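Colleague: Please take a close look at the sheet in this model. I would like to know how its strands are arranged and what packs against them.

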Amino acid sequence: MELMNQPLTGQLGSRLIELLKVPDYHTLNIVVAFAKNSGVLRIKDSLESFRERGGIVNVYVGVDLGGTSYEALTALLLHTDSLNVVHSEKSQTFHSKIYQFLGKEEGLVVVGSHNLTAGGLWTNLGF
């Protein structure tokens, strides 16, 4: 298990970029409440490199409360294999934050408070 005390002991964005280079991982599943271009654009090159070597990137992103931008959805559509938009018609908010790497022999799941935004990946406090 790896604990990250963002930003004091590391940043999830930097860690994701490192993990996308690990050759054993073949799939990345991202499940987040919000995505902004500020976060997507910082990892898009790493997502593309991962996909170029055969990796698959699936994203589920919420659009409630105006936390996800149109620009982020457009960028994700270009740099992922599947983009799934989650919206609740009720008074509920899709609020998950999960990054799951799958490999032949092992996997890694990151669960926390990290949306796919610049703040969520690099500067927000995440104890």
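Modeller: What follows goes through the sheet, then the helices on it, then the nonpolar core. Keep in mind that this is a predicted model.

The sheet is open and has five strands, in the order 3-2-1-4-5, with mixed pairing. At its edges lie strand 3 (82–86) and strand 5 (107–111), and each of these pairs on one side only. On average, neighbouring strands are turned by 10° against each other, if direction is ignored. Strand 1 and strand 2 run parallel and are joined by six bridges. Within strand 2, Val-59 is the residue that stands opposite Ile-30.

Two helices can be described against this sheet. Helix 1 packs on it and touches strand 1, strand 4 and strand 5. The direction of helix 1 makes about 15° with that of strand 4. Helix 3 also packs on the sheet, where it touches strand 2 and strand 3. Its direction makes about 150° with that of strand 3.

The largest nonpolar core has 26 residues. Strand 1 (25–32), strand 2 (56–62) and strand 4 (97–103) each give two or more residues to this core, and so do helix 1 (12–19), helix 2 (37–52), helix 3 (70–79) and helix 4 (118–123). The residues with the most contacts inside the core are Tyr-99, Leu-116 and Leu-121. Leaving aside residues up to four places away in sequence, Leu-121 touches both Tyr-99 and Leu-116. Other residues that Leu-121 touches include Leu-12, Leu-16, Gly-39 and Ile-43.

Key. Residues numbered from 1 in each chain as written. Predicted model: local features only at pLDDT ≥ 70, side-chain atom pairs only at ≥ 80, totals over all residues. Heavy atoms only, no water. Core = buried A, V, L, I, M, F, W, Y, C linked by side-chain atoms within 4.5 Å. Buried < 20%, exposed > 50% of the residue type's maximum accessible area, 1.4 Å probe, protein only. Helix = DSSP H or I, 4+ residues; strand = E, 2+ residues; numbered from the N terminus. Contact = heavy atoms within 4.5 Å. Pairing = 2+ DSSP bridges. Axes fitted to C-alpha atoms, helices over the stretch in contact; angles between N-to-C directions.
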